[in-house]
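Hi everyone, thanks for making time this morning. Please bring the structure up on your screens, and we'll walk through it together.

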Amino acid sequence: MTDYREPGRRFGDDFVFGSATASYQVEGAVAEDGRLPSIWDTFSHTPGRTMNGETGDVACDQYHRWESDLDLIASYGLDAYRFSIAWPRVIPTGTGAVNQAGLDHYSRLVDGLLERGIKPIATLYHWDLPQPLEDAGGWPERATAEAFATYAGVVGAALGDRVDTWITLNAPLCAAYLGYAIGIHAPGRTDPVAALRAVHHLNLGHGLAVQALRSVVSPAAKMSVTNNLSTVRPGSDDPADLHAAEKARAIANGVFTGPQLRGEYPELAIQVTAKHTDWSFVADGDLATIHQPIDVFGLNWYTPVWVRQGEAPDPASPWQPTVSPGNEDLITESRDGLRTDMDWLVDPSGLEELLIDLDREFPGLPILVTENGCAYDDPLVDGRVHDTRRIDFLQRHVTAVHRAMDAGVNVTGYLVWSLMDNFEWAEGYSQRFGITHVDYETQVRTPRDSALWYARLARTHQIPEVDDIA
Ligand code: FCB
């Protein structure tokens, strides 16, 4: 068995190495220049929802420090920066009046990237839904998808001449299931039907947004959508567990890739969710709208899961209920092995496997790894952070990507999550994902050793040795 430590592998010159962040996780300045609350402001300010009651009120203060943050990215020699645009800065109440100050901020950011030779990759929805839209029903409602398309058109008209790649949605699985089914993310609802309706209206929002963008942006701009697909492995060879894995894939992956890339929901997904809904909210023509041609498929990937048919024995067991509506009769497990601070198993074979499976299902699909990374809190001592475990993680995961490319998968780039430590949603500031350390008291940024290592990878396009951080 390979351990995925394969320095020396070389990526093509046009392969893109970059880093990613998201608006609510880094910007702060939540009440400035016309921005109004999103569901994450409301959620994080609700007692008991986030670790220690932490919020994105200040975060990394990137709204004010964007210039020096762009200098930092440039100092790492990265090809691209994936950031997200806060809907409540651009259309603060979700529908209606456009806030020019919000657009101007992102216009400066995009110009700043281009001046430094960095490709702007803009995500339109990284979970900060304007609160008034949630008050009117949120993603379970069709009107939210329509409002999203209007917002996409507004942003596209303002920035469409300069953005390299447009990502409509980030990880709709989390928005739908964590937000509406199990309630650990904003808006914190626990209603399986609402979650499935949210799945469809997020998909519809993607399709409508691509249409809206295409009509206003440069023809050279690339269209994309980011999904966090799961590598699902059966818990045993028992046929019931093999089928459990199929059901889990249908609900975790198929309900997104099916309509987005093929124009249909998987039959199995309709079957397993029949106890909740007949999907009559899918209107005629919706699937064709969702199935827009895209130029590159965005993939966020962190860790694989194992799935079984059955009930969780007890809260202490490694087997736990799945988060997916319809699959309440399945349990998931993560296996023994190296873990990150998120308690996620480090298993780069899962990334290689998923890339190969995705290519098998959608041959030739260009794929951009829009997020991959790990949380480790190594100490900052005398201006250095020796985060060897993160370097090891990155080396092994870029190796997994390279191996998938050797197997014929068309991967166009890799964006590390994250450029810097930031507000990790329900986990608050407890989880440090950055290649850059952030001191939240002073807002001082310190490149970790992994940033130096990653900078070398980006410069040479060849996987460095783990200690090659000069
Ligand atoms: C992804 C999110 C991103 C970050 C990472 C750890 O699912 O898109 O914002 O929180 O997980």
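I'll go from the ligand to the core, then to one helix, a strand, a sheet and some unusual backbone spots. Please keep in mind that this is a predicted model.

Let's begin with the ligand. Which residues are around it? They are Gln25, His126, Trp127, Asn170, Asn300, Tyr302, Glu371, Trp417, Glu424, Trp425 and Phe433. Three of these have polar side-chain atoms that I'd like you to find. Gln25 places one 2.7 Å from an oxygen atom of the ligand. For His126, the distance from a side-chain N or O atom to a ligand oxygen is 2.8 Å. Asn170 has a polar side-chain atom 2.9 Å from a ligand oxygen. As for the ligand's own accessible area, 290 Å² when taken by itself, the protein covers 95% of it.

Next, the nonpolar core. The largest one has 131 residues, and the members that touch the most others are Ile85, Trp87, Tyr125, Trp139, Trp166, Tyr177 and Tyr414. Helix 9, residues 192-214, is the biggest contributor, giving 11 residues. Have a look at Tyr125: beyond its sequence neighbours, its contacts include Trp87, Trp139, Phe148 and Leu202. Tyr125 is also in contact with Asn170, a residue we just met around the ligand.

Now to helix 8, residues 172-181. How many of its residues are buried? The count is 10 of 10. The run goes from Pro172 to Ala181, with Tyr177 among the buried residues; Tyr177 was also on our list of well-connected core members. What do the buried residues of helix 8 pack against? Their partners are strand 3, helix 6, strand 4, helix 9, strand 5 and helix 10.

The backbone on either side of helix 8 is worth a pause. Ahead of the helix, in the loop from strand 4, sits Ala171. Its phi is near 45°, which is positive although the residue is not glycine. Ala171 is buried, because its relative accessible area is 2% and the cut-off is under 20%. Just after the helix, Gly183 has a positive phi of about 75°. Further on, Ala186 and Pro187 are joined by a cis peptide bond, with omega about 5°, and Pro187 belongs to the loop between helix 8 and helix 9.

There is another cis peptide bond to show you, between Trp417 and Ser418, with omega about 10°. Ser418 is in the loop between strand 12 and strand 13, while Trp417 is one of the residues around the ligand.

Let's move to strand 1, residues 16-20, where we find Phe17. Is Phe17 buried or exposed? It counts as buried, at 0% relative accessibility. Among the residues Phe17 touches are Leu78, Val398, Tyr414 and His461. Phe17 and Leu368 are 351 residues apart in sequence, yet their C-alpha atoms are 10.0 Å apart. Ser19 sits in strand 1 too, and it is buried at 0% relative accessible area. Its contacts include Leu78, Ala80, Arg82 and Val416.

Last stop: an open sheet of four strands in the order 6-8-10-9, with mixed pairing. Strands 6 and 9 are at the edges with a single partner strand each, so one side of each has no neighbour in the sheet. Strand 9 pairs with strand 10 in the antiparallel sense over two bridges, and Gln320 stands opposite Thr332 of strand 10.

That's my tour, and I'm happy to go back to any part of it.

Key. Residues numbered from 1 in each chain as written. Predicted model: local features only at pLDDT ≥ 70, side-chain atom pairs only at ≥ 80, totals over all residues. Heavy atoms only, no water. Core = buried A, V, L, I, M, F, W, Y, C linked by side-chain atoms within 4.5 Å. Buried < 20%, exposed > 50% of the residue type's maximum accessible area, 1.4 Å probe, protein only. Contact = heavy atoms within 4.5 Å. Near = heavy atom within 4 Å. Polar contact = N/O pair within 3.5 Å; in protein donor to acceptor, adjacent residues only side chain to side chain. Areas by Shrake-Rupley, 256 points an atom, 1.4 Å probe, with all protein chains shown as cover. Pairing = 2+ DSSP bridges. Lists of a residue's contacts leave out its neighbours within four places in sequence.
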